[in-house]
Amino acid sequence: YPARPMDLQPLAALHPTFDPARGLLLLELEHGKANEIGSAELDAFAALCDLLEAHDEVRCLCTTSRRVSARGTPIFISGANVSERVGWSDERVMEHVGRQRALMHRLRHLPLFTTTLCHGVTLGWGAEFVLTVDYCLATPGARFGLPETGLGILPGARGTAELALQIGPAQALRLGCTGEELDASEALRIGLVHEVVADLDAGLARVHALATRLLTRSPTAVAAYKRGLLAALGRPGEERLAIERAAYEHCITTGEAAIGRAAFSARRAPGEAPPWGPRRL
């Protein structure tokens, strides 16, 4: 099972750092005027999906930023790079946003645990990006909003399709229709954010702790659990149970359950991971 070495160069626009001791791939955004997402960044995120779908060395992904504006305002993602679209035809704009929509779906279904650590401005595309991760942390300085309707458009990278599933239709309508911005505590209250941390360093320590725990888990079982959970959302009861059964039986037939049973009865050092096999999808 020798995996191909991971090539992080195609992710250069996302400033990746891999910590093999924790299986943690950290993306620290630092580009453009305000971490806006344009074509170059979409290319890098697509390359990220290619890498993470092919390699199981990464057990946890975290996207964050220490970017600060000239005025001292922290920035996570300020939105899409709308300025690059000057002169584009309507058809090209729609194709571009369709690409973003498909990419967001792909990010949401990556076969590993994904997180964000939001610090500062998280608007438009940034707020939609939060919907792609499994767990969102934020500092007290984070601010979230969807300004698109003030620009004559709507959140088109799954913000309209997915936001209400996470925070409910009333809160989604409030954000999308009015463009009102939320601080971290309000985002936590409505469920857009899952945990508020004191600052970036505290947030990274929390991510490191999560990544360390993930090293003790079967990558096949984690992927199967995530795939089954997302596939079951909104389905009738019988379909949900059938999806769960298929996911569970996948863990059996890949041999991961047998490894887990053997490890359960063996004497192991605290935190020592069982000899899991490669991730099988």
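**Helix α4 and its neighbours**

In this predicted model, helix α4 covers residues 159–167, and within this helix Gly-159, Leu-163 and Ile-167 are buried. When α4 is viewed down its axis, these buried residues fall within an arc of 20°, so they line one face of the helix. The spacing behind such a pattern can be understood from the geometry of helices: an α-helix has 3.6 residues a turn, so residues three or four places apart point the same way. On the other side of α4 the situation is reversed, for Ala-161 and Leu-165 are exposed there.

What do the buried residues of α4 pack against? Their partners are three helices, namely α3 (125–130), α5 (169–178) and α6 (184–190). Between α4 and α5 lies Gly-168, which comes just after α4 and takes a positive phi of about 90°.

The pairing with α5 can be followed in more detail. Two packed helices are described by the angle between their axes and the distance between the axes. Here the axes of α4 and α5 come within 7 Å and cross at roughly 130°, which means that α4 is oblique to α5. The crossing in which α4 passes α5 is right-handed. On the side of α4 the contact is made by Leu-163, Ala-164 and Ile-167, while α5 contributes Pro-169, Gln-171, Ala-172 and Leu-175. Sorted by character, the residues of this contact between α4 and α5 comprise six nonpolar and one polar, with no charged residue among them. Leu-163 and Ile-167 thus appear twice in this account, as buried residues of α4 and as members of its contact with α5.

How values were computed:
Residues numbered from 1 in each chain as written. Predicted model: local features only at pLDDT ≥ 70, side-chain atom pairs only at ≥ 80, totals over all residues. Heavy atoms only, no water. Buried < 20%, exposed > 50% of the residue type's maximum accessible area, 1.4 Å probe, protein only. Helix = DSSP H or I, 4+ residues; strand = E, 2+ residues; numbered from the N terminus. Arc of directions from axis to C-beta. Contact = heavy atoms within 4.5 Å. Axes fitted to C-alpha atoms, helices over the stretch in contact; angles between N-to-C directions. Parallel < 35°, antiparallel > 145°, perpendicular 65-115°, else oblique. Left-handed = near helix turned anticlockwise from the far one by under 90°. Nonpolar A, V, L, I, M, F, W, Y, C, P; charged D, E, K, R; others polar.
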